[in-house]
Amino acid sequence: MKKLINRRPGNAMSWALGLLPFLLLIVAYMMASDARLAENPNDKLLPALDSFVQAIDRMAFEPSKRSGEYLLWADTLASLQRLGIGVAISALIAVIVGIGNGTIPLIRSTFSPLVTGLSLVPPMAILPVLFIIFGLGELAKVMLIIIGITPFIIRDLQQRAMEIPTEQIIKLQTLGANTWQIITRLVWPQLMPRLISAVRLSLGPAWLFLIAAEAIAATEGLGYRIFLVRRYLSMDVILPYVVWITLLAFAIDLILRRYSQWRYPWFHQQGH
């Protein structure tokens, strides 16, 4: 008999085990909802599942009477634009600074302390400052994402660059490679899959910063909508929006993971 530590589920079993906790959560919610609605049919805290269907239909497939927009899709587009711009700029800055810090000691001595200090600043604490400096428009929301996740991606890439075996660098120098060639032919290829991994790990905080910024100052967006309807205790809207955000985050993470597996198979074969 195989020991439990050595037993691995097949594909079908993996799917079944992965879905099981979600099914249990749905069953638990339905039981709790039925119990509360039996005591108070007007209870809004745990609405019935058909209330979710009606809310999704109203938000996604019926134009708003005020603006004429399909609110769910308009909110999704606004949030994804802010998230995409913020994460893309963060990744670009992180690649430049992270590689510089990790490969060139003079740059590391100059900028590494600054990056470490910035990574210790709670981004939410400076949100009012961002609104004062950049106003209530899109720039402040994007800047919060950039300030929130860039230092951590930089530190991760810097550490990964410093972990590249010295023997590889010496071999390239022996073959006559200069600093730029070492960076482009050795460091860059090894850090790109790690950049994707770092971005994937930063998506959770990025969503958090985005929703917080939208809740305070926005006229559209997923976070804005959630905090707008909370005053009415509209859980039939809030919970589907939370699930939708989760599905979007999962889809983005899956796309990045699949791309990384396709583009850098050697990285995943190493067990990363």
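# Exercises on a predicted helical model

Let's start on the surface: about 860 Å² of accessible area is shared by a nonpolar patch made of Trp 15, Leu 19, Phe 22, Leu 23, Leu 25, Ile 26, Met 30 and Leu 49. Patch members have over 30% relative accessible area and no salt bridge, with like charges joined within 9 Å and nonpolar side chains (Val, Leu, Ile, Met, Phe, Trp, Tyr) within 5 Å. A salt bridge is a side-chain nitrogen of Lys or Arg within 4 Å of a carboxyl oxygen of Asp or Glu. Areas come from the Shrake-Rupley method with a 1.4 Å probe, and for residues only the protein chains shown count as cover.

The model is predicted, so local features need pLDDT of at least 70 and side-chain atom pairs count only at pLDDT 80 or more, while totals for chains, interfaces and linings use all residues. Residues are numbered from 1 along each chain as its sequence is written, and side-chain values use heavy atoms, leaving out hydrogens and water.

## Exercise 1: the patch

Find which helix gives the largest share of the nonpolar patch, and decide whether Leu 19 is buried, partly exposed or exposed.

*Step 1.* Helix H1 (residues 11-39) supplies the largest share, 7 residues. Helices (H or I, at least four residues) and strands (E, at least two) are DSSP runs, numbered from the N terminus.

*Step 2.* Leu 19 is in helix H1. Its relative accessible area is 45%, so Leu 19 is partly exposed: buried means under 20%, exposed over 50%, and partly exposed lies in between (1.4 Å probe, protein chains only).

*Step 3.* Now try another residue of helix H1, Ser 33. Its relative accessibility is 2%, so Ser 33 counts as buried. Beyond residues up to four places away in sequence, Ser 33 touches Leu 46, Pro 47 and Ala 48, where contact means heavy atoms within 4.5 Å.

## Exercise 2: aromatic pairs

How are the rings of Tyr 29 and Phe 52 arranged, and how are those of Trp 266 and Phe 267 arranged?

*Step 1.* The whole structure holds 5 aromatic pairs. Rings of Phe, Tyr and Trp (its six-membered ring) pair if their centres lie within 6.5 Å; planes under 30 degrees apart are stacked, over 60 edge-to-face, and the rest tilted.

*Step 2.* For Tyr 29 and Phe 52, the centres are 5.8 Å apart with 35° between the planes, a tilted pair. Tyr 29 in helix H1 and Phe 52 in helix H2 are 23 residues apart, linking distant parts of the chain. Both residues are buried.

*Step 3.* Trp 266 and Phe 267 are edge-to-face, at 6.0 Å centre to centre and 85° between the planes. Trp 266 is partly exposed at 33%, whereas Phe 267 is buried at 3%. Together with Tyr 264, they form one aromatic cluster.

## Exercise 3: the core and H9

Work out which helix gives the most residues to the largest nonpolar core, and why H9 is largely enclosed.

*Step 1.* A nonpolar core is a set of buried Ala, Val, Leu, Ile, Met, Phe, Trp, Tyr and Cys residues joined through side-chain atoms within 4.5 Å. The largest one has 54 residues, and Leu 195 and Trp 207 are among those touching the most other members. H8 gives the most, with 17 residues.

*Step 2.* Leaving aside neighbours within four places in sequence, Leu 195 is in contact with Ala 91, Val 95, Ile 153 and Leu 157.

*Step 3.* Of the 8 residues of H9, 6 are buried, so H9 is largely enclosed by the rest of the structure. The cover over its buried residues includes H2, H3, H8 and H10.
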